Amino acid sequence: MLRRDRWALAGAITVAVLGVAAVAADLLTAIEGQDPYTYRSEVLDPQTGGPAGALGGVSGEHWFGVEPLSGRDLFAIVVHGARTSFLIGLAATAVSVVLGVLIGAGAGYLGGWVDRVVTWIADVFLGFPYLVFMIALGAVVPSSVSRPLLLIVVIGFFGWPSIARIVRAQVLTLKKRNFVSAARILGASPRQVFRAELLPNLWAPIIVVATLSIPGKIGLEAALSFLGVGIPQPTPSWGRAISTAVEWVVTDPMFLFFPGGALFLATWGFTVFGDGLRDALDPKTEVRR
Amino acid sequence: MAFDAPAASEVSYSLAAGEVLAVVGESGSGKTVTAMSLLGLLPGTATVTGRALLAGRDLFTLSAGELRAVRGGEIGMVFQEPMTALNPVFRIGDQLAEVVRAHGERTTAQAKQRTVELLSLVGLPSTARRKYPHELSGGQLQRVVIAMAVANEPSLLIADEPTTALDVTVQAEILELLRDLRGRLDAAILLITHDMGVVADLADRVVVMHDGRVVEQGPVADVFGAPEHEYTRSLLAAVVSLSTPPPVDLPAAVEVSPGVVARGAHVAVTEPDLSTPDEPGDDPVLVLTGLSVSYGRFRAVDGVGLHVGRGEVLGLVGESGSGKSSIAGAVTGLVAPSAGLVGLTGQDLSRLRGRALKRARGRIGMVFQDPASSLNPRATIARSVASPLLLHGSLRGAALARRVDELLDAVQLSPSLRERYPHELSGGQRQRVGIARAIALDPELLIADEPTSALDVSVQARVLDLFRSLQAELRFACLFISHDLAVVERLADRVAVLYRGRVVETGPAGDVLTEPLHPYTRRLLAAAPVADPVRQRERREAWLALGHSE
């Protein structure tokens, strides 16, 4: 299916390359001979504090150049940042999917007041200024709480309504099909109906919405880190790197280019791959050639 | 005409003005594809070769603009599902006027005048103009669709299964309307149908299609009287038709209680708002007492009493909206009754809870109408058949697999289909799987809700035979729900006729279906077409004599 949709294939390859880089970050930086934590003032221009050499200090030793003021290796920051982004993006999506599927399927299958309450809460959540909420939360929660864990839980929690909506709509149409009635007539409990009859028919839409929601979550993590309430120092993060790079954009544009480009590729890759998945799993949409 | 494989090939037929040509065939025979090609309404992946001449002009060579003028102009189209053929947000009058004005330069006043004319032509009052589609019944909507189709006095009217979605009494009225229009408008009618009774009723000539080819064509009387092709013969032999009752002199029914008449075990009501009284014998499997089902303020079932004895098949007959599916829902527990009792072998189902209720549910099997939606598309056939056993039995592993094979064998399916998925099976095979699942727990009561009405004629006959032999072998009590009297006649021991939520007549199948007591049953029987042009003409006259107003 991906062979017929070149954009989706390109997206899948991009995601795979970034994923491998994230998993093998330690190996890659070891090959380069660097790490993302060591301060190295010898590679900086003592006059400006910016990187010595052209293109932000790109060289055989520092593949993407170095960070201004600290001299940390930018390639190491980007690949370790990929690890952070992917970990938070995927884990938060998993949280959203579990919550969204359970809540959405429950609302669709049980109907009645459960459905009304869930729909109402989902609408409230979808209109909720969650960015402001998360910034406030980041300031309030004591620093002893692990930040990556906090980000995963909070981002994942705010992601359930969009998944619940789609699952609920799907369950509403499935519920009218006779095979669900057949199971109910036989005395199957809601849990048994959900596991045996509904869930197998829900996987395709769930995978598609989940894939399409990953880039949003990666972007959200980057945005929070950009604003200074996400991943704290010294853990490498694309969002915080971009935030710092903005101040240096005139003198050292490459510092913005590498983490920004990585963030762009990750979100773009997941989006077109998700689009392709949807086209492949839903025969009603026509595949772009 | 070709998709990847040709859907229809080397098809040729012709029809003259004022003639009704019926194209018959089972699903996938290419009958609709051929007609759609005339209007240029095939999907973009289809290619068409050959010629289609309308008054000397080849339709296949027309440009898109010319085709638009032909559609709704020289060719009118009547669709199967009237509800989806009309736009729900516009009034009937506006939709008709739009068709009128699309093909002629008429002023608003003239268009309005014409819509009134058209409505009266199809037997609707002019007040229907102000109605929205959801305010009309299925039969009225189909009249509107027909009015649209004939709005510009087409020379050809294509009717694709025009009565399939309608009740049998409404079907008779629509067929009468088409017959009337043919005479008045001098249009040729191309009737596409799978119903041999409809063909016998309306058509002059018939084209029989099979696997995309025309296997036989000729005048209806010749083809139906002496079919030459093997396929036509088997198709006609498979048609389930009502038998002709031998004329017998029966004693008149006597009034046994106010508003209720009886002739032996055959009971009918003579007053509206009554249901026939029910006298369950010893040890019935299912007893419904004073059952009512309401949806909001609408009473779908109103004080119905019925019973099904051991090993007995009760045919529950009624048209859409008569409450027959609500009764099935009340028995299976999908619908909560608003009053009355549902008794299964002496237990009141509505009082059971938890384990006892689940055990009781396991004693009821259910076969659904639409085999496509009654099987989980993501479950294998073996998994679907095994699902009742997994829920209720203790069979697991090899013993379970053996039982599934036994069940597949009982419904005459090869065990090699075990690991297949529903979409890989034909409609008839899927329905057999549905039956295997329903009998998996050896139920005491089987509910069959229109189990054959979504199937092709030849498949329908075979599934009915299977059903009958299974019933004879397993001796389950059966509530057999159908709108098709001929199907009920084949299977049922007793028949109950449901009309507007009440049982108006009940008794032995032979008596009810040959010497009905209630006027509604009489109308229902007279309206059912039979696949014999000569007998159908007699039946039609009898139906007209009954009058079809309610």
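Helix α19 (residues 519–527) of chain B is covered at its buried residues by elements including α7 (168–185), α17 (485–491), β20 (494–499), β21 (502–508), α18 (509–514) and α20 (533–546) of chain B. Seven of the nine residues of α19(B) are buried, so the helix is largely enclosed by the rest of the structure. The buried residues are B:Y520, B:T521, B:R523, B:L524, B:L525, B:A526 and B:A527. A residue is buried if 20 or more other C-beta atoms, placed from the backbone, lie within 10 Å of its own, exposed if 12 or fewer, and partly exposed in between. Helices (H or I, at least four residues) and strands (E, at least two) are DSSP runs, numbered from the N terminus.

This is a predicted model, in which local features need pLDDT of at least 70 and side-chain atom pairs count only at pLDDT 80 or more, while totals for chains, interfaces and linings use all residues. Residues are numbered from 1 along each chain as its sequence is written, and chains are lettered from A and ligands numbered from 1 in the order in which they are written.

B:G56 lies in the loop between β2 (53–54) and β3 (57–58) of chain B. B:G56 counts as exposed because it has 5 C-beta neighbours inside 10 Å.

The largest nonpolar core (buried Ala, Val, Leu, Ile, Met, Phe, Trp, Tyr and Cys residues joined through C-beta atoms within 7 Å) has 221 residues, and B:L190, B:L445, B:L479 and B:F480 have the most contacts inside it. Helix α3 (residues 74–110) of chain A gives the most to this core, with 14 residues. Apart from it lies another core, of twelve residues, including A:M134, A:I152, A:I155 and A:V229.

The contact between the chains takes 16 residues from chain A and 22 residues from chain B, where two residues are in contact if their C-beta atoms, placed from the backbone, lie within 7 Å. On the side of chain B that touches chain A, α12 (354–361), β17 (364–367) and α13 (381–392) of chain B each supply at least two residues.

In chain A, UniProt (unreviewed entry) places "domain: ABC transmembrane type-1" at residues 82–274, and lists "transmembrane region" spans including 149–167 and 198–218. UniProt positions follow the numbering used here, feature names are shortened, and annotations may be inferred rather than shown by experiment.

| Span of chain A | Helix | Strand | End C-alpha atoms apart |
|---|---|---|---|
| Residues 82–274 | 83% | 0% | 19 Å |
| Residues 149–167 | 95% | 0% | 26 Å |
| Residues 198–218 | 100% | 0% | 30 Å |
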